[in-house]
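I opened a fresh page of my notebook for this chain and wrote down what I looked up, one entry at a time.

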Amino acid sequence: MDNETIDACLDRMKREGYFPVKRVEKPIFQEVISEGKTEYVPVSRQIIFEGRLIEQ
């Protein structure tokens with residue numbers, strides 16, 4: 001979720017019955033135009049966890 005820490009995300013996954021098996025980070029870029037040149041500057045990142053259901 002937005003503005004959620006990694007620990008909070010992992011705790012939420014555990015409460016919902018999942019455990020993480022894979023972590024993917026995707027950069028988020030911003031388009032900046034300066035002096036007639038277009039540049040893409042990294043401004044943030046999105047972290048995505050793939051989870052599997054905990055079998056009981």
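**Entry 1: a loop residue.** Where does E35 lie? Before answering, I noted that this is a predicted model. I then found E35 in the loop between β1, residues 18–34, and β2, residues 37–53. Next I looked up the backbone angle, and phi of E35 is near 55 degrees, which is a positive value in a residue other than glycine. I also asked myself whether E35 is buried or exposed. With a relative accessible area of 82%, E35 is exposed, as the cut-off for that word is over 50%.

**Entry 2: the hairpin.** I followed the two strands on either side of that loop, and I noted that β1 and β2 pair in the antiparallel sense over 16 bridges. They form a hairpin with two residues between the strands, and it is in this hairpin that E35 takes its positive phi. Looking across the pair, I found R23 opposite F49 in β2. I added a reminder for myself that in a regular strand the side chains alternate between the two faces of the sheet.

**Entry 3: the helix and its contacts.** I turned to I6, which lies in helix α1, residues 6–15. Which residues does I6 touch, if those up to four places away in sequence are not counted? I wrote down R23, I47 and F49, and I recognised R23 and F49 as the residues that stand opposite each other in the hairpin. I6 and I47 are 41 residues apart along the chain, yet their C-alpha atoms are separated by 8.4 Å. I6 counts as partly exposed, at 30% relative accessibility.

**Entry 4: the whole chain.** I stepped back and counted one helix and two strands, which follow the pattern α-β-β when read along the sequence. The radius of gyration is 17 Å, well over the 10 Å that the globule rule gives for 56 residues, so the chain is more spread out than a compact globule. Its C-alpha atoms fill a box of roughly 60 × 20 × 10 Å, taken along the principal axes. Buried residues make up 9% of the 56 residues, and the chain exposes about 5,200 Å², with carbon and sulfur atoms supplying 49% of that area. Among contacts between residues at least 6 apart in sequence, I noted that 46% join residues at least 24 apart.

**Entry 5: charges.** Last, I looked up the charged side chains, and I recorded 9 positive and 11 negative ones, with the centres of the two sets 5 Å apart.

Terms used:
Residues numbered from 1 in each chain as written. Predicted model: local features only at pLDDT ≥ 70, side-chain atom pairs only at ≥ 80, totals over all residues. Heavy atoms only, no water. Helix = DSSP H or I, 4+ residues; strand = E, 2+ residues; numbered from the N terminus. Rg over C-alpha atoms; globule rule 2.2 N^0.38 Å. Buried < 20%, exposed > 50% of the residue type's maximum accessible area, 1.4 Å probe, protein only. Contact = heavy atoms within 4.5 Å. Areas by Shrake-Rupley, 256 points an atom, 1.4 Å probe, with all protein chains shown as cover. Lys, Arg positive; Asp, Glu negative; His and termini not counted. Charge placed at Lys NZ, Arg CZ, Asp CG, Glu CD. Pairing = 2+ DSSP bridges.
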